[in-house]
Every structure is written in structure tokens, then in C-alpha cells.
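Colleague: I am new to this structure and would like to learn how the terms used for it are justified. Could you take me through them step by step?

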Amino acid sequence: MRQISICVLLTLIACTSWCRTVKVHAFFWSDKIEAQIAMRAGLEQQFQHYNAESSELKFEITPYVAGDGREGILNQIKQLEQAIPTKPDAIVIQPPDLSTASKALQEANAADIPVFSFDQYIMLGNLTSYIASDNYQAGWDNGIYIDSLIPKDQEIKIVLVEYLRVSAVINRVDGFFDALRSKRRKFTVLKRYEGITPESGVEIAESFLKDFPRKKSVDVIFTVNDGAGLAISNILWDKGRKEILHATFDGDPKAVENVRNRKLTVINSSQYCAEIGRETARQVINYFEKKPVTPQVLIPTYPVTKKSLEGFKGWLSTPSESPHSEEFKIPHKAASALSKDAKTKTVIRVGIAPYCPYLCEKGTNSWSGYLYDILSSVAKNGNFKVQIVSLSNDDLPKALLANRVDYIILPSYLVRYQPEFQTTGPKLGVTFTGALFTPGVRMRVVDKESLTDMRIAFARLGQENELKLDPDEFKKSIKIEGTDVADRMIKTIGERRVDLALGDYNVLRYTMLRRQHMNLELQPTSLTGFNSLSLVELPGKTSPVNFPELLGEWMAAARADGQMNKILRKYNLLDWKYYR
């Protein structure tokens, strides 16, 4: 929307000649979403308190507000482009999605400017610290509570309101469905809508009433925030759809009142918004006081239900212990490696789609790729063998159900909404769409509108959600298929047959390095959302070795001793360790 150009010095206290002023540029997303306003208030409060007490450092904050919607996303890009060349001492940012600020983060890294991200993660750069709510736990709490309200033998009919372009939402959705699976619940997702703003909530509610006019056709509507969720629940209540259970997030005071009055909403996993801002300020202060900085801080959420709502004191309060801490506890399985002395014939069959750099086929039953390297190391440590079964992403779930494999590795979206599959163990990567083009071209790919009037080459490449470009809208687009799509996409750009190529970011990045195409630029985008690469099993299946737990232990150790980075560097990849 606008840059607030006047530098704000929180608590105006004159510095002596030996007092240092630290210039922090703070980039906020919205000045309309109440939860985000509370986050900003906490951040400014903490700096103000510090300035009042300190005689050695004073923090001067220059705030920027991007604004909501598409215009806000583009505006934040401009704000960052203008601010980084001024070389502030630090940058604090609340990005609107996982990719928008990625290029700016890399530019700040190159300029040795520390970057602190709050509320949302930023891909493909080095954050000094990342502070957010524990959104996976929040989603888990919602799932466990919904399970407790519906008879065990009843299949749960769910309508989902999501926005899979930000880490917070993805973690909330994954936590919710993982919790239902942990209870062995049968469920079906009847429809998915996209929206997080009050305006989108009104539109979704109207569509919902047309799509599901019959009462009791939907058991649960699950919204990923109060921005859209509050509007949806109020409209459905007013229209007499009082039979629906509503689960949501954030802790908006009006939404909490709906829980109190039993007005559709039965659980609201509420954030301590101001504490997110305060903790961000603490990490910045620690950095400049040369104290330890925590790379990732997850702030607890509070599950507001009709029994627990008195314990939540609002967005400005400090975290208190969840009243359902044992009930909502995420289970942990103990590892069970095979004896090092035993000559075992135990074989774990793992299905993976053969796309480099995930899995690269070198010959008959001969493999490379970062997933293969990781799995081989885990098997060696655990004294068992891993057999790779190469299948397409579409065929992997079928193979698991048919017991042709013991585990599969694939993007979460392919199994997220299906009750018969259980994601397990650590995440094994992140998949998203990359935009490839000639350097020097001013390109900001934030949505389909960004592609208007462009000649585009696209493919269902690697692990991404299928990218659909309507021929009527994009008459100059070329869909590329086959086993060498990355090379062909790069060739079409080099021959100037298209302006832009869209495909799996990791596949394009790896292929560019292998072919030494350094004359092209590759940017991450949120066009098809973001998906974690997940290890998937069938619930209740037993195994002689606890493979997911051993995998998690190996990855923790490999990150600590540098082995993980060594593997990823071979394939021109970056670690996803703070993307849950």
C-alpha cells in the first residue's frame, strides 16, 4: 500500500557519543488483519522497553506496510528492492508467502544484512532467525478435538478452506489430517476452497451454500484462519446451518466469542500474536548484543474450546500451558535398529518417482539422487537394506495399498486428503514451481495474472502440483512432456521461443547446474503452492525395523555434523530444515 517514510525511534532518548543506533527496517504485511496488527504491537513494545532500559544500544525502526491481496505482494517486493541498497543494520519481515521475499533474502545475505522472518518462512536463503506459532501442533489440536466430538464409527465429511502458499497454513492443514489419521478416523474431503481474507470468506460462504444446500451434508468446515473463517461461520450460522462443526485458528476476539456462545465454532487454536512480535525483537536484540540467536522459535498456541476458553487471555498475553496438553500430545515412536552383529536379510522397499535430483536412474537398479543417498546411509547405519522401487507419483499410492512397497516418498498433496495413508517420519524436501527466464527481464511471477500475454512453456515436472493453463487464456503456451522435459524447457528459453518456462524448481535448478546454463535466471514462485516431500506408510502396519524413526535420527545427526549439506551440495540443493 505505502511506505511509512518517517523513521520511528521507539522511545526517544538521546544517545551519548558512545551509544550506538541500530537501524532496523521492518516489513509488515497487513494493517487490516487484527492478528497481524497485534504481532506488530508486540514487536514495537519490546523494542520500546529495551530502548528505555539500555544506554549502549538504541533501535530505530523504519516500518513498511505492504497491504493485502495481490497489490500487497507486489508492493512488498518494491519496498524490499528500495530498502536493501540503503543497507540497514537488520531487516525484520513478515512475508505474504514462501517465495515472494526469496530473492530479497538472497540479496540481503549477499550484503551481510541479517534477516529475521516472523509468522511465515522464506525459502532459499539464510534467515538469522525464524519466529512463528507452532502451527503443526495447532492443526493437530483441531484434529484431535474434532475426533472427540464425532462418533467413532461415523465417516467425517469435511469441507476445507485453505491457502497453501504459506508455511503456517500448510503446517496447520497437515497437522489436522495427521491427527485424524492417528485416531484411525475415516474421513472424506468433499471440497476445497482457497481464501484467508474476510472478503474471500464471504464469497466462499455464498459458494458453500450453493454447493451444499442440504443440511447434514457436511459435518465439519475447517478454515485455516479467522480472516476468512469468521465471515464464513457467521454467514452459515445466520443462514441456519447450525448443524456444522467449525474448526479454525488465530484467536480473534469475535471468533472466541463464537466458541463461548456455541455459535458454530467448536475449537479455535489461538495464537499469542504479540508474543511472536516480542520474540522477534528479542532475537534481533540478542544478535546485536552478541548473544546466542535461536535459528527457529515456535510459539505455543492455545486450543480454545467451550471448556478451556477462560484460560486464553487474548493476543497480547503471554503463552500459558494448554489445558489439554496430554490429550493433544503428538505420539513419539521409539527407534528399533537391528543388531549390528546380525547378518540380516531385512529389506525395506521404498517407492519413489524417478526425477533428478530426487532419484536419478544410472542404469538397471543403479541409482543416485539425494533421496537415494540419504536412504542408503540410513540403511547402512541400521543394518538393513533399502530396495528402490521406481514408479510415477500417480502410481505410488496404488503400490503401497497393494503391498508392493513398504513406504513411498511423494508430495504431501497426493495423499494429504486420503484417510488410508499415514505420513510419518521427517520431511524429505519441499516441492514448488520455479520460473525460468532470461536474466535482465523484469519478472515478478506471483500468480496467473502475472503470466498474461506471455509465451510460456510448462510441464508437470518432478514433484509439483499440476500446473493448468487454460488454452483460452494462454494461447501461446506450450505443454512439454517426456523424460527430458527440463532440458527441453531450457532449450526453448535459449531459442527465445517462449518468454518463460514453469516447472519443478529443484529439477530445473539441478539441470541448470549439470548443463552449466548459467545464462538463465530461476525464481521460486507460489503458483502451485508448496508441498513437503513426505514418507508415507499404511496405518497399523508392522515392520521389523522402525524406519521412520531411524530416518529422523539420521537426519538430525547429519545436519549437526555437516553430512546433510554435503549430500545436498552434490545436487545444487538447499536444506529445508525449518520447513516442517
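Modeller: Let us begin with a pairing: strand 8 and strand 9 (residues 187-194) run parallel and are joined by seven bridges. This is a predicted model, in which local features need pLDDT of at least 70 and side-chain atom pairs count only at pLDDT 80 or more, while totals for chains, interfaces and linings use all residues. Residues are numbered from 1 along each chain as its sequence is written, and side-chain values use heavy atoms, with hydrogens and water left out.

Colleague: What makes strand 8 and strand 9 a pair?

Modeller: Two strands pair if DSSP finds at least two bridges between them, and seven bridges join strand 8 to strand 9, so the definition is met. Within this pairing, Ile158 stands opposite Val189 of strand 9. The strands themselves are DSSP runs of E with at least two residues, just as helices are runs of H or I with at least four, and both are numbered from the N terminus.

Colleague: How do you know that strand 8 also pairs with strand 10?

Modeller: Four bridges join strand 8 to strand 10, in the parallel sense. Ile158 stands opposite Val220 there, and Leu160 has Phe222 as its bridge partner in strand 10.

Colleague: Why is strand 8 called mostly covered?

Modeller: A residue is buried under 20% relative accessible area, exposed over 50% and partly exposed in between, with a 1.4 Å probe and protein chains only. In strand 8 (residues 156-162), six of the seven residues are buried.

Colleague: What makes the unit of strand 8, helix 5 and strand 9 right-handed?

Modeller: A crossover is right-handed if, with the strands pointing away from the viewer, the path from the first strand over the helix to the second runs clockwise. Strand 8, helix 5 (residues 167-182) and strand 9 form a β-α-β unit of this hand.

Colleague: Which strands make up the open sheet with the order that starts at strand 9?

Modeller: The sheet has six strands in the order 9-8-10-11-12-14, with mixed pairing. Strand 9 and strand 14 (302-304) are called edge strands, as each pairs on one side only. On average, neighbouring strands of this sheet are turned by 20° against each other, direction ignored.

Colleague: What does helix 4 touch when it packs on this sheet?

Modeller: Helix 4 (residues 135-149) touches strand 8, strand 10, strand 11 (245-250), strand 12 (265-270) and strand 14, where contact means heavy atoms within 4.5 Å. Its direction makes about 160° with that of strand 12; axes are lines fitted to C-alpha atoms, for helices over the stretch in contact, and angles run from 0 to 180 degrees between N-to-C directions.

Colleague: Why is Ser129 called buried?

Modeller: Ser129, which lies in strand 7 (residues 129-133), has 0% relative accessibility, and because this is under 20% the residue counts as buried. Leaving aside neighbours within four places in sequence, its contacts include Val115, Phe116 and Ser117. Strand 6 and strand 7 pair in the parallel sense over three bridges, with Ser117 standing opposite Tyr130.

Colleague: How do you know that both faces of strand 6 are covered?

Modeller: In strand 6 (residues 115-118), Val115 and Ser117 on one side and Phe116 and Phe118 on the other are all buried.

Colleague: Is Tyr505 buried or exposed?

Modeller: Tyr505 has a relative accessible area of 4%, and because this is under 20% it is buried. Tyr505 is in helix 13 (residues 505-515), and among the residues it touches, not counting those up to four places away in sequence, are Leu124, Phe432 and Leu522. The C-alpha atoms of Tyr505 and Leu522 are separated by 7.8 Å, although these residues are 17 residues apart along the chain.

Colleague: Which element of the chain has the lowest mean pLDDT?

Modeller: Strand 1 (residues 2-3) has the lowest, at 43, whereas strand 10 (residues 220-223) has the highest, at 97; pLDDT is the predictor's confidence in each residue, from 0 to 100. Over residues 1-14 the pLDDT is below 50. Where pLDDT is low, the predicted coordinates should not be read in detail. For the chain, the mean pLDDT is 86, and 89% of the residues reach 70 or more.
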